[in-house]
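Biologist: Hello! I am new to this structure and would love a guided tour. Could you show it to me before we start?

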Amino acid sequence: MNTANRNTLWASIVAEELYRSGVRTVCISPGSRSTPLVIAFAELRDRHSDFQILVHIDERSSSFFALGLAKVQMAPVVLLCTSGTAAANYYPAIIEAYYSRIPLVVLTADRPPEMRDCGSGQTIDQINIYGKHVRYFFEVGTPEIIGFRLRYLRSLISRTVSIAVGKGDTPAGAVHLNFPFADPMPPIPVPTDIPEDLALSSPEAIFGNPSGGAYSQIITGMRAIDTNAIAAIANQIISHPKGVIVVGVYDAPNEFLASVRRLARATGYPLLIEATGAHRRDEIGHYDSFLRSPNFCETHAPEIVIRFGAMPTSKSYMLWLERHISCQQIVVGSTNSDPTHGITQALNIYPANFCEQLASYLENYAQTAWQDKQWRLDFELAESIAEHTINDALGAIEELFDGKVYAELAQILPANSYIYVASSTPIRDLDTFFHSDRPIKVLANRGANGIDGTISSALGAAWGCDQPMVLICGDLAFYHDLNGLLAAKKYDISLTIILLNNDGGGIFNLLPISKFEHTFEEFFGTAHGIDFAPIISAYNCEHVLIQDWQHFHESLTNSLESQGTQVLEIKSDRQRNKELHFSIWNQVIANCDRHFNQD
């Protein structure tokens, strides 16, 4: 404990209690008002070799780096900044953490109350600055060195971390503690600040929980439903054999995939998995493509949909669901996740447990005669048609086409590697074109679906895991987070970035607005004409301009085996990309319509 003054002791207890509560990483952005906490974290690192500090000049980059790290490690990460607008730069990442349930512990330093709202420099109203997008907010108060207040501080910190990781009454997400500090900021000795008998009069305040664990502990179990509720859902399934199981955007735990596959076998339902949900080998992964077929959608009306994770990225899936809105939807693990506003049962329970409970009940108490085997075979046929149509179409394309990048990537990436995919066109193309026989973990910022902090998130994830990591992003997402590349340079992070540069907002070329040529390019196409190569070199990252597919294979293979960050830039034409996308989709539609003729 640093007992130089009240600020240093207060901050030392905060740092120690965070460590005891399971925090092992803090991302710090420089500033004066946060000095006591910075010193405390540095001293904590000296005592514990597994505690790590990363320093980011840009608060927005720092927050998204922490987000990617927390996502890949499924563990809380601390953010620390000074007072004023520094805190506001965390907001986009906090919003993403809220919607994607990522645990962040946000510590903002502040001026003491007497220096607020009086023209004092670098002072804004930080109380509830993040609104409802944090799971918990508390104004910690200025340091006061008495036993009761220090015990309160330990209890506050440990409970806050528990809330961040989802052990409280809410799902995981960001939590916010605001720390006002009066001078002095550095560890300047103030002899009168610390009572001499404090350790004797209040040992719990100074030494914490004698067990060495968190001071206040929240113990939680996995939510489940009783046998009667499981029986009721099983009866619904038996009465409605034409159902589907869907895995949408979901940071699934390791045990989930085996459980959901067992449930699919027990129900006889086809299992539709999007790329960000789970490894989809041998399941239905091309549904975004074949659900574009009017004939298939008209002749295959679902009676029940059981969904895990957020709504899939696929628009064609959404339209199919809206077309058959009378079907019963069962959404597992979320209480409000149905943008179609259909007839929904929301089950706020642990998804893997639910799969095991329901599968076990069906296996023990229901005969498989009720299953509609033709229903599942039709989905498997549509999957085969879409897969072969897309593979044949891509095989005939020799030019550099964004969609083919994902198919090539699926052939090269080793098992257990990671893809971090940007929002907008990349995540949609990944869902359509990336289908690997090897288990590849896909990460994405799909809580709020923004392009903010894409590079930083991927760098945080790459820093936090020991497997190869590839980021796929468009040029606008890349431009939006160029500051994030400083972390790659500073911490020598190994990451392969595939930069798909079609000079503007390629997603809009695929939307109806592209038909309005007189306004499209200025307001939506937004060509920028940036040469990224010198910017990339300024951050000590390697830049490679891809010439053809053989060059892509060689460059990607070399990058995956190299240290540091490499950017493989693939330039293409937005209009040509649009033509190729629609050509492939139209071929899938035609082939599916022919096989599923309504006559």
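Modeller: Gladly, and please keep in mind that this is a predicted model. Let us begin with a pair of facing residues: in E15, the bridge partner of isoleucine 472 is isoleucine 498.

Biologist: Thanks! Which strand is joined to E15 by 5 bridges?

Modeller: Isoleucine 498 of E15 has isoleucine 472 as its bridge partner. The strand joined to E15 by 5 bridges runs parallel to E15 and spans residues 469-474, and this is strand E14.

Biologist: And how many bridges join E15 to strand E17?

Modeller: Here threonine 496 stands opposite glutamine 566 in E17. E17 covers residues 565-571 and runs parallel to E15, and the number of bridges joining the two is 7.

Biologist: Are the residues on the two faces of E15 buried or exposed?

Modeller: In a regular strand, side chains alternate between the two faces of the sheet. On one side of E15 we find Leu495, Ile497, Leu499 and Asn501, and on the other Thr496, Ile498 and Leu500. Buried here means under 20% relative accessible area. For E15 the count is 7 of 7 residues, so the answer under that cut-off is buried.

Biologist: Let's move to E10. Which residues point one way from E10, and which the other way?

Modeller: E10 is mostly covered, with 5 of its 5 residues buried. Gln328, Ile330 and Val332 point one way, while the other way point Gln329 and Val331.

Biologist: Which residue in E11 stands opposite valine 332?

Modeller: E10 and E11 run parallel and are joined by 5 bridges. E9 is also joined to E10 by 5 bridges, and there phenylalanine 308 stands opposite valine 332. In E11, the residue opposite valine 332 is leucine 347.

Biologist: How does the chain get from E9 to E10, and what is the handedness of that crossover?

Modeller: E9 and E10 run parallel. The chain passes from E9 through helix H12, residues 315-323, to reach E10, and this β-α-β crossover is right-handed.

Biologist: Why do the buried residues of H13 lie on the same side?

Modeller: An α-helix has 3.6 residues a turn, so residues three or four places apart point the same way. In H13 the buried residues are Pro351, Ala352, Phe354, Cys355, Leu358, Ala359 and Leu362. They lie on the same side of H13 because they cover an arc of only 155 degrees around the axis.

Biologist: Which exposed residues does H13 carry on the face turned away, and what do its buried residues pack against?

Modeller: The face of H13 turned away from its buried side carries Asn364 and Tyr365, which are exposed. The buried residues of H13 pack against helices H8 and H9 and strands E9, E10 and E11.

Biologist: Which strands stand at the edges of the sheet E2-E1-E3-E4-E6-E5?

Modeller: This open sheet is formed by 6 strands with parallel pairing. Each edge strand has a single partner strand, so one side of each is left without a neighbour in the sheet, and these strands are E2 (52-55) and E5 (136-139).

Biologist: What angle does the direction of helix H2 make with that of E3?

Modeller: E3 pairs with E4 in the parallel sense over 5 bridges, and leucine 80 stands opposite leucine 107 in E4. Helix H2, residues 35-47, packs on the sheet and touches E1, E2, E3, E4 and E6; the angle between its direction and that of E3 is about 140 degrees.

Definitions and conventions: Residues are numbered from 1 along each chain as its sequence is written. This is a predicted model: local features need pLDDT of at least 70, side-chain atom pairs count only at pLDDT 80 or more; totals for chains, interfaces and linings use all residues. Side-chain values use heavy atoms; hydrogens and water are left out. Buried means under 20% relative accessible area, exposed over 50%, partly exposed in between (1.4 Å probe, protein chains only). Helices (H or I, at least four residues) and strands (E, at least two) are DSSP runs, numbered from the N terminus. The arc is that of the directions from the helix axis to the C-beta atoms. Contact means heavy atoms within 4.5 Å. Two strands pair if DSSP finds at least two bridges between them. Axes are lines fitted to C-alpha atoms, for helices over the stretch in contact, and angles run from 0 to 180 degrees between N-to-C directions. A crossover is right-handed if, with the strands pointing away from the viewer, the path from the first strand over the helix to the second runs clockwise.
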